[in-house]
Amino acid sequence: MMTLNIAIAGSSGRMGRALLEAVARTPDMRLSAALERTGSPYLKKDAGELIGSPCNIAIIDDIAAALPGSDVLIDFTRPEGTLAHLAVCRPLGVKMVIGTTGFSAQQKEDLKAASKDIAIVFAPNMSVGVNVTFKLLEVAAKALNEGYDIEIIEAHHRHKIDAPSGTALHMGEVIAKALGRNLSEVAVYGREGNTGERAPATIGFATVRGGDIVGDHTVLFAGTGERIEISHKAGSRATFAEGALRAARFLADKQSGLFNMQDVLGLRE
Ligand SMILES: NC(=O)C1=CN([C@@H]2O[C@H](COP(=O)(O)OP(=O)(O)OC[C@H]3O[C@@H](n4cnc5c(N)ncnc54)[C@H](OP(=O)(O)O)[C@@H]3O)[C@@H](O)[C@H]2O)C=CC1
Ligand SMILES: O=C(O)C1=N[C@H](C(=O)O)C[C@H](O)C1
């Protein structure tokens with residue numbers, strides 16, 4: 001059995017901890033480095049202590065020193081952090097699994113450019129269930145292409161800083177593509193005041209933030225006399241972490257290219 005050496009960026013974050021736990025319970029993976037940004041109170045601490053199981057890997061901020069012994073860097077941080085990490089991974093040939101959301105269009109282009117040199121899995125949601133939901137939405141949108149108003153409702157914990165969620169935006173992209181629409185032309189992000197009647201081709205987004213909600217997404221197709229709702233609810237971050245490890249394994253034999261979870265799960269047609 002080949003062992004994959006996994007480095008984790010943002011190791012003390014919510015996803016960082018879920019990833020530390022997932023790597024610790026995965027026989028074909030080993031934690032090779034745990035990163036945090038300069039100034040973090042977690043620097044120099046044993047990464048394993050974050051999950052109650054010391055592992056002798058100290059959390060460091062020097063990514064260039066951390067990466068030579070790593071096959072894949074898993075990054076769930078912030079767009080500016082991910083792009084800084086990418087700039088170090090690219091010349092070293094270290095592959096990346098990127099779960100960070102909130103990138104601008106230009107930042108996504110930067111990721112794409114780097115994938116000419118290294119293999120990257122980039123996905124706003126690494127859970128198997130959400131990725132199957134994307135396929136269900138494609139089917140539903142094609143079948144309900146007239147007479148149904150489409151609204152995407154997402155709910156997350158009070159600490160989330162980007163809205164709508166990366167998953168909700170991707171759901172919008174999947175639906176718009178299936179309907180031959182351009183999301184940037186039809187998206188409506190929230191409503192207030194005298195909005196007028198709903199324009200039929202629009203795709204609405206509504207965002208809820210509160211408590212410790214891990215991640216709920218519902219797409220509503222509202223027609224005349226009926227409503228169809230397609231929902232996914234995450235109960236634990238373990239589902240995202242397990243997906244990220246699956247993505248890391250998928251990259252083992254890839255040298256370059258930009259992939260998503262549809263590729264990892266064999267769902268791309
Ligand atoms: N694709 C998917 O399946 C999922 C994606 N996500 C996305 O992952 C990201 C992280 O989420 P979550 O774990 O909840 O967030 P947290 O805030 O809990 O963790 C983020 C981590 O990244 C660190 N960080 C922040 N900015 C930088 C930077 N500029 N450089 C390096 N490290 C940085 C933070 O350090 P510090 O504490 O010092 O700020 C922290 O350790 C979000 O974009 C979220 O939307 C989340 C879940 C699933
Ligand atoms: O920030 C989170 O927590 C999550 N972010 C991702 C997103 O923006 O879609 C995925 C998941 O829903 C949790």
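Start at ligand 1: helix α1 gives the largest share of the shell around it, three residues. Keep in mind that this is a predicted model.

**Stop 1: the ligand shell**

Select ligand 1 and the residues around it. You should find 24 of them. The closest are Gly10, Gly13, Met15, Gly81 and Gly99. Now colour by element. Two elements give two or more residues to this shell: α1, residues 14-24, and α3, residues 79-92. Next, colour by class. The shell around ligand 1 holds 13 polar residues, six nonpolar and five charged.

**Stop 2: the two domains**

Zoom out and colour the chain by domain. Domain 1 comes in two pieces, 4-126 and 237-264. Domain 2 is the stretch 128-234. Put a marker at the C-alpha centre of each domain; the markers will be 28 Å apart.

Now look where the domains touch. Nine residues of domain 1 are in contact with 11 residues of domain 2. On the domain 1 side, select α8 (238-250) and α9 (261-264); each supplies at least two of the touching residues. That side of domain 1 has six polar residues, two nonpolar and one charged.

**Stop 3: the annotated region**

Select residues 129-265. An unreviewed UniProt entry annotates this range as "domain: Dihydrodipicolinate reductase C-terminal". Over these residues the chain is 36% helix and 27% strand. Pick the C-alpha atoms at the two ends of the range: they lie 11 Å apart.

**Stop 4: the five-stranded sheet**

Show the strands β7 to β11. They form an open sheet in the order β8-β9-β7-β10-β11, and the pairing is mixed. Which strands stand at the edges? They are β8 (187-189) and β11 (227-234). Each has a single partner strand, so one side of each is left without a neighbour in the sheet. Neighbouring strands of this sheet are turned by 15 degrees against each other on average, direction ignored.

Zoom in on β7 (149-156) and β9 (203-209). How do these two strands run? They run parallel, joined by seven bridges. Label Ile150, then look across to β9: Ile203 stands opposite.

**Stop 5: the helix across the sheet**

Last, select α6, residues 166-178. Which strands does this helix lie across? The answer is β7, β8, β9 and β10, the last of these being residues 215-222. Turn the view until α6 and β7 can be seen together. The helix runs at about 160 degrees to β7.

Notes: Residues numbered from 1 in each chain as written. Chains lettered and ligands numbered in written order. Predicted model: local features only at pLDDT ≥ 70, side-chain atom pairs only at ≥ 80, totals over all residues. Near = placed C-beta within 6 Å. Helix = DSSP H or I, 4+ residues; strand = E, 2+ residues; numbered from the N terminus. Nonpolar A, V, L, I, M, F, W, Y, C, P; charged D, E, K, R; others polar. Pairing = 2+ DSSP bridges. Axes fitted to C-alpha atoms, helices over the stretch in contact; angles between N-to-C directions. Contact = placed C-beta atoms within 7 Å. UniProt positions renumbered as here; feature names shortened; annotations may be inferred. Domains from an automatic or database assignment.
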